[in-house]
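Welcome, and please have your viewer ready with a cartoon view and side chains you can switch on. We will go from the whole chain to single atom pairs.

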Amino acid sequence: MGMFERANKADGAAQVGERADLSVLALEGEDMIEQLGRAHMSWGLGSADRWALDQTTGTITWTFPDKTATAPAQILGSLSPKSGSWMWAWANQSILPNMSCDSRSFCDWAEANGHPALAQPKVNVDEQAASTLVAVAVRITGAIGYYKGLGGDSSVIITFGSVTLTKADGSVSTFKIDIN
């Protein structure tokens with residue numbers, strides 16, 4: 001049985017409670033990601049010509065023909081479908097410590113709430129389980145933006161804050177979101 005599947009009636013009460021809690025958090029997280037995606041599409045998330053992440057400044061940038069969008073960013077982790085694994089950002093030596101605060105915060109939560117399997121540096125998961133894990137992490141961290149950056153054999157999952165839009169004419173605006 002996967003870590004997020006619903007418990008059988010034969011499971012003990014503690015297991016049922018633990019899995020139910022994660023199931024609720026996963027559903028709430030999936031709903032959050034859907035709401036965030038719809039809201040951020042209004043400024044163009046998902047349609048940029050290119051994107052870049054600067055770990056030294058903690059900024060993600062999306063480039064469009066008529067504007068750029070920037071936001072403070074954190075890396076949750078990375079998924080390697082080929083190896084069937086998820087690695088938390090805090091455990092990845094190539095990620096600067098200041099870029100993995102959300103990752104560490106989630107793992108601290110998982111440990112404190114009786115879910116140590118979710119806090120391991122590397123977790124063996126398929127793409128569906130990784131999506132569920134990310135949904136729970138987005139829910140727990142209260143992220144207001146979520147981006148899946150594709151590259152090579154893996155995907156990096158990035159959370160981000162308020163987006164600053166700079167148009168070609170130099171005008172600047174801020175896109176803020178509150179899905180509470």
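The tour below moves from the overall fold to one helix, then to charged pairs, a histidine and the cysteines.

**Whole chain.** Start with everything selected, and keep in mind that this is a predicted model. Colour by secondary structure and you should find 3 helices and 9 strands. Tracing from the N terminus, their order is α-β-β-β-β-α-β-α-β-β-β-β. Of the 180 residues, 40% count as buried. Among contacts with a separation of 6 or more, 59% join residues 24 or more positions apart. Turn on the surface next: its accessible area is about 9,500 Å², and 51% of that belongs to carbon and sulfur atoms.

**Helix α3.** Now select residues 127-141. Put a distance between the end C-alpha atoms of this helix and you get 21 Å, in agreement with the 21 Å expected for 15 residues at 1.5 Å a residue. Show side chains to see the buried ones, including A129, L133, V134 and V138. At the start of the helix, a side-chain oxygen of D126 comes to within 3.2 Å of the backbone nitrogen of Q128. Past the other end sits G142, with a positive phi near 70°.

**Salt bridges.** How many salt bridges does the structure hold? There are 3.

- Select R139 and E28: their closest N and O atoms are 2.7 Å apart. This pair links distant parts of the chain, with R139 in α3 and E28 in α1 (residues 13-41), 111 residues apart. R139 is partly exposed at 30% relative accessible area, and E28 is partly exposed at 32%.
- Stay on α1 for R38 and E34, which meet at 2.8 Å, N to O. They are 4 residues apart, so about one helical turn separates them. R38 counts as exposed at 51%, while E34 is partly exposed at 49%.
- Move to α2 for D108 and R104, paired at 3.3 Å, N to O. Here too, being 4 residues apart means about one helical turn between them.

**A histidine in a loop.** Select H115, in the loop between α2 (101-112) and β5 (122-124). Is H115 buried or exposed? H115 is buried, because its relative accessibility is 6% and the limit for buried is under 20%. Its side chain reaches the backbone oxygen of N113 at 3.3 Å.

**Cysteines.** Finish with C101 and C107. C101 is partly exposed, at 45% relative accessible area, whereas C107 is buried, at 1%. A search of the whole structure finds 0 disulfides.

How values were computed. Residues numbered from 1 in each chain as written. Predicted model: local features only at pLDDT ≥ 70, side-chain atom pairs only at ≥ 80, totals over all residues. Heavy atoms only, no water. Disulfide = S-S within 2.5 Å. Buried < 20%, exposed > 50% of the residue type's maximum accessible area, 1.4 Å probe, protein only. Helix = DSSP H or I, 4+ residues; strand = E, 2+ residues; numbered from the N terminus. Expected span 1.5 Å × (residues − 1). Polar contact = N/O pair within 3.5 Å; in protein donor to acceptor, adjacent residues only side chain to side chain. Contact = heavy atoms within 4.5 Å. Areas by Shrake-Rupley, 256 points an atom, 1.4 Å probe, with all protein chains shown as cover. Salt bridge = Lys/Arg side-chain N within 4 Å of Asp/Glu carboxyl O.
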